[in-house]
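Colleague: I'd like a close look at one part of this model, please. Pick a spot and walk me through its surroundings.

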Amino acid sequence: MSHAPAYSRLQIALHWLIAVLILAAWVTHEAMEDAFETRLESGILTPNPHAILGLAVFVLVLIRVFVRHRQGAPGPVPGSSAMAEAAALWGHRLLYLLMILTPIGGAITWFGGIEALGEGHELLGNALMIVALGHAVVAILHQLVLKDGTMTRMLRPRG
């Protein structure tokens, strides 16, 4: 993947839209439990916010991966240690993995009516929220404490 000087407007928009949708999906997960029980009892698939949000996250993450592959992404901030670079690389990989696996697990649970997978999906969703929260905290620390411009790259698009 090539290194770009900054993220594009599209990459920034996808980042923040996906973040909001993930938060919304997490907030609506309790209502999904009732909808799933109703689905198991009736056999009828009904649209619900949590499933729609999860599908939107999945599709947008796939688009984001494609766009990132095509447009590249900024490299490490100059002066970063090898350990910080490795932590950023693996942290982002974990985020992407969870952003893909969580909706897949939810879709298999919902459409397959496989109740046993529901707990795994919920665990993945909670792990995604914890990793995303850690990601946000580290970004804020970079912005406010280290003042190295890391977060600014996700706020100001390249020309």
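Modeller: Here's a walk along one helix and out to its neighbours. It's a predicted model, with residues numbered from 1 along each chain, local features needing pLDDT of at least 70, side-chain atom pairs 80 or more, and totals for chains, interfaces and linings using all residues. Side-chain values use heavy atoms, leaving out hydrogens and water.

Let's take α4, residues 82-112 (helices are DSSP H or I runs of at least four residues, numbered from the N terminus). Its 31 residues should span 45 Å at 1.5 Å a residue, and the end C-alpha atoms sit 44 Å apart, so the two agree (the expected span takes one less than the number of residues). Just after α4 comes Gly113, with a positive phi near 65°.

Buried in α4 are Leu95, Tyr96, Leu98, Met99, Thr102, Pro103, Gly105, Gly106, Thr109 and Trp110 (buried is under 20% relative accessible area, 1.4 Å probe, protein chains only). Their cover includes α1, α2 (29-42), α3 and α5.

Take α5 (116-146), home of Gly125. Beyond residues up to four places away in sequence, Gly125 touches Thr102 and Trp26 (contact is heavy atoms within 4.5 Å). Gly125 counts as buried because its relative accessibility is 15%. Leu23 lies 102 residues from Gly125 along the chain, yet their C-alpha atoms are separated by 9.9 Å.

Two other covering helices, α1 and α3, also pack on each other: α1 (9-27) and α3 (49-71) meet at about 155°, axes 9 Å apart. Their contact includes Leu14, Ile18 and Leu21 of α1 with Leu53, Val57 and Leu60 among the residues of α3.

Methods. Axes are lines fitted to C-alpha atoms, for helices over the stretch in contact, and angles run from 0 to 180 degrees between N-to-C directions. Buried means under 20% relative accessible area, exposed over 50%, partly exposed in between (1.4 Å probe, protein chains only).
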